[in-house]
Each structure stands twice: as C-alpha cells, then as structure tokens.
Amino acid sequence: MKAAVIHKYGKPTVFTIKSLQEPMPRPDEVQIRVMASSVNPIDYKTRSGSIFFMSGFKFPRILGADFSGVVSACGSQVQHVKPGDEIYGFSSAATKGGAYAEVMCCPASKVALKPTLLNDHQAAAIPLAGLTAYQALHREGHISSGMRVLITGATGGVGHFAVQMAKAAGCHVTGVCHSRNTKLATTLGCDEVFPYDQSDFRNNDHHYDIIFDAVAKYGYWRCRRILKVNGTYISTIPSPSILLSKFSSRRQGRFISVHANTADLEIVGQLSNDGLVNPFIENIFPLSDIAQAHALSETSRVRGKIIIQIQD
Ligand SMILES: NC(=O)c1ccc[n+]([C@@H]2O[C@H](COP(=O)([O-])OP(=O)(O)OC[C@H]3O[C@@H](n4cnc5c(N)ncnc54)[C@H](OP(=O)(O)O)[C@@H]3O)[C@@H](O)[C@H]2O)c1
C-alpha cells in the first residue's frame, strides 16, 4: 500500500511517499481501505514535534486521524460493521494516526457507517472537527434552544461545524472571524458576525449562555465579562484560568478533549443526512501533495476543511 511516512519530526517536507505492507487488524479493530482523509491542526502539531510529549519518538510513522473508506477486514470481536461497509471515523491523532495511507486499522469503537448522503471527501471532513464541535456544545455546554452562543473561528474546521450545530439546536449564533469571511459565516448560519480585525467582540453589550472559543485565542478571564450568569466558556486548549474557574460557581470554564466514539459519529452523521450540517471544503489534495496540504493548514487561515484524497 502507498502511505505518507515520516522518519523524524520536521517541516511539511518531512513526508515521503512509500510502499509499505498493509497493517492487519487486532481483534477489536477494523481494517479500512481509506478513500479520503483530512488535515487537522493536531496532525501538523504531531508532525512538527511540538507535542512530542504526547506523540513520543517512535518512527517511522504514518500520520492522519480522519478517514472515510470501506471496511476490508474485521477483527474477531467486531460486531457493528462488516467488510464492504462504507464507514468514517478518526483514530487518535498524536499516538496512532494511520489515515495518510491506502490501508489502515482502527478500533471499531471509533467508526460508524458513513452518512449516506455524503461523498468520501465530505465524510472525511467531519470526524475529528465535527465531534469536537458536537461534544463541546452538547456535552460540555449543554446547549439548548433559545440560548445565545458565540463561536470564535466561526469559519474554521471546528468553528464552521459548531455554527451549524448551534443553529440546528435553535440558538442565536454570533460568529467571530476575519472580515474576509463574514459572508461565509452568515451563510453557515450566524445571526451576527464580529470581524476580529475590525472590532473586539468582548466590548459588545450582549451576554452569552455559551462562548465556544474554538480557536482558543481569547481566554476564560477575558471572555468572562460577556458570559451570562451560569454561562459557560469552552476552549479547545486547556489553561490555568479554566482550572481556576471551578472556584466560580456562576460562570464556568471548560476544556473540550474530543474522543472518537460510534454513538456521536452516528448523531453527527444524522445531522448531515438531515441537511443541518454540511462540511465546507476549501481544498482537495492528492496524497502526493500532503506537504502542501499541511503547509496550508499551518497558516491557520483555512475556511472549513482541507481534504486528502487517498485513492479514487
Ligand atoms: N482539544 C481538542 O479535542 C481539539 C479538537 C480539535 C481541535 N482542537 C484545536 O482547536 C483549534 C482550532 O482547530 P480547527 O480545526 O478549527 O483549526 P483551523 O481549521 O486551522 O481553523 C483556524 C481558524 O482560526 C481562525 N482564526 C485565526 N486567528 C483568529 C483570531 N484571532 N480570532 C478568531 N479566529 C481566528 C481562522 O479564521 P480567519 O481566517 O477568519 O482568521 C481559521 O478559520 C486548534 O488549535 C486545534 O488544535 C482541539
């Protein structure tokens, strides 16, 4: 099988395309013929070595968390999917990866049937970023209809899913993004948009039930002033101020650490099938151009998702 391999941490050019033996599934795993993957910031953070304390020093390795593809074999304990099923999901990005390859193995507990109305590229856009948005809003924020929700990075990978999910939940949604992206933010469902290059949303007079700082740039303390009493600030990156917020009973800070699981993939898949959550795809790169895809993602200026086409 063809795979993008790294032999050390480094710049995007550290990838080499190689022919390797196909991995075989353990009893709890499925073997997947990968059709498409995507780039998440954790992929380039792993590649660069900036999270070596999580990713370790085992080389060579294949990166890539998100996948859509077809089950080609199942371990003896796998029950809910079978060979031939079209599935999607994500593996632990920093410690396992494997999706930048034609064949990978992943625990069956981290896959679900692919949403029927999505193609391979659209399905590969969803898993890690989509579940981060879903788990942040529903599991950490306990979102409900009528809430006022503010989302930073409203047109980025996580943020563009969060905007659509908050809208689907019946909330009033405020997005924060660059002024060049305000039109997209409105199209995604934002009722109000703050271009961060023109105004600071923390100076506005509105108060929010949930502030989802998807880009983790604004901080609990700096957002606290515009949180309603009993409101929740949620970040994608942990910080001491979030820990300290536990001592405030009235405005909580939370950190989302996404975990792959079949049940949440099914819920988000249903939202897609219902037309409520649509992945926005900025670019599609072949596996041979994985370096360009990572370099683009590292600009932090991506709208929606970057897809890696693994095979036709
Ligand atoms: N803890 C977890 O489980 C978890 C899971 C997923 C992601 N994450 C983390 O969450 C972060 C976002 O991930 P992602 O996939 O959404 O990244 P992404 O797709 O690369 O999105 C980056 C977004 O950041 C926006 N941005 C840059 N500077 C900004 C600013 N000052 N204010 C507001 N928006 C700004 C950009 O929008 P403009 O072009 O409009 O500036 C772009 O849309 C990353 O740090 C990632 O590692 C954590």
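Here is a short chat about a predicted model and the ligand it holds.

Reader: Before we start, what kind of model is this, and how are residues numbered?
Author: It's a predicted model, where local features need pLDDT of at least 70, side-chain atom pairs count only at pLDDT 80 or more, and totals for chains, interfaces and linings use all residues. Side-chain values use heavy atoms, with hydrogens and water left out, and residues are numbered from 1 along each chain as its sequence is written.

Reader: How many residues surround the ligand?
Author: A residue makes the list if one of its heavy atoms lies within 4 Å of the ligand. The closest are Lys-45, Tyr-196, Tyr-218, Ile-256 and Val-258. The full count is 27 residues.

Reader: Which side chain has a polar atom 2.6 Å from a nitrogen atom of the ligand?
Author: Look for polar contacts, meaning pairs of N or O atoms within 3.5 Å; within protein, one must be able to donate a hydrogen and the other to accept it, and residues adjacent in sequence count only if both atoms are side-chain atoms. Arg-180 puts a polar side-chain atom 3.2 Å from an oxygen atom of the ligand, and an N or O atom in the side chain of Asn-181 is 2.9 Å from a ligand oxygen. The one facing a nitrogen atom of the ligand, at 2.6 Å, is Tyr-218.

Reader: How much of the ligand does the protein bury?
Author: Areas here come from the Shrake-Rupley method with a 1.4 Å probe, and for residues only the protein chains shown count as cover. Taken alone, the ligand exposes 940 Å². The protein buries 89% of that.

Reader: Which elements give two or more residues to the shell around the ligand?
Author: Elements are DSSP runs numbered from the N terminus, with helices (H or I) of at least four residues and strands (E) of at least two. The ones that qualify are helix H1 (41-48), helix H4 (127-140) and helix H5 (157-168).

Reader: What is the class make-up of that shell, and which domains does it draw on?
Author: Ala, Val, Leu, Ile, Met, Phe, Trp, Tyr, Cys and Pro count as nonpolar, Asp, Glu, Lys and Arg as charged, and the others, Gly among them, as polar. On that basis the shell has 13 nonpolar, 10 polar and four charged residues. Domain bounds come from an automatic or database assignment. At least three shell residues come from each of domain 1 (2-126 + 279-309) and domain 2 (129-255).

Reader: Which element gives the most to the largest nonpolar core?
Author: A nonpolar core is a set of buried Ala, Val, Leu, Ile, Met, Phe, Trp, Tyr and Cys residues joined through side-chain atoms within 4.5 Å. This one has 44 residues, and Leu-137, Ile-143, Val-149, Met-165 and Phe-212 touch the most other members. Elements supplying at least two residues include strand E9 (148-152), H5 and strand E12 (208-213). The top giver, with seven residues, is H4.

Reader: Why does this core lie between the domains?
Author: Nonpolar side chains tend to be buried together in soluble globular proteins. Here the core lies between two domains because both give residues to it: domain 1 and domain 2.

Reader: Is His-160 buried or exposed, and which backbone nitrogen does its side chain meet?
Author: His-160 sits in helix H5. Buried means under 20% relative accessible area, exposed over 50%, and partly exposed in between (1.4 Å probe, protein chains only). At 0%, His-160 is buried. A polar atom of its side chain lies 3.0 Å from the backbone nitrogen of Phe-280.

Reader: Where is the cis peptide bond?
Author: Most residues other than glycine have a negative phi, and most peptide bonds are trans. Pro-60 is in the loop between helix H2 (52-55) and strand E4 (61-62). With omega at about -10 degrees, the cis bond joins Phe-59 and Pro-60.

Reader: What phi do Ala-216 and Asn-230 have?
Author: Ala-216 is in the loop between E12 and helix H7 (220-223) and is partly exposed, at 26%. Asn-230 lies in strand E13 (residues 227-235) and is exposed, at 60%. Neither is a glycine, yet phi is positive: about 55 degrees for Ala-216 and about 70 degrees for Asn-230.

Reader: How far apart in space are Ile-6 and Ala-168?
Author: Ile-6 is in strand E1 (residues 2-6) and is buried, with a relative accessible area of 0%. Along the sequence, Ile-6 and Ala-168 are 162 residues apart. C-alpha to C-alpha, the separation is 40 Å.
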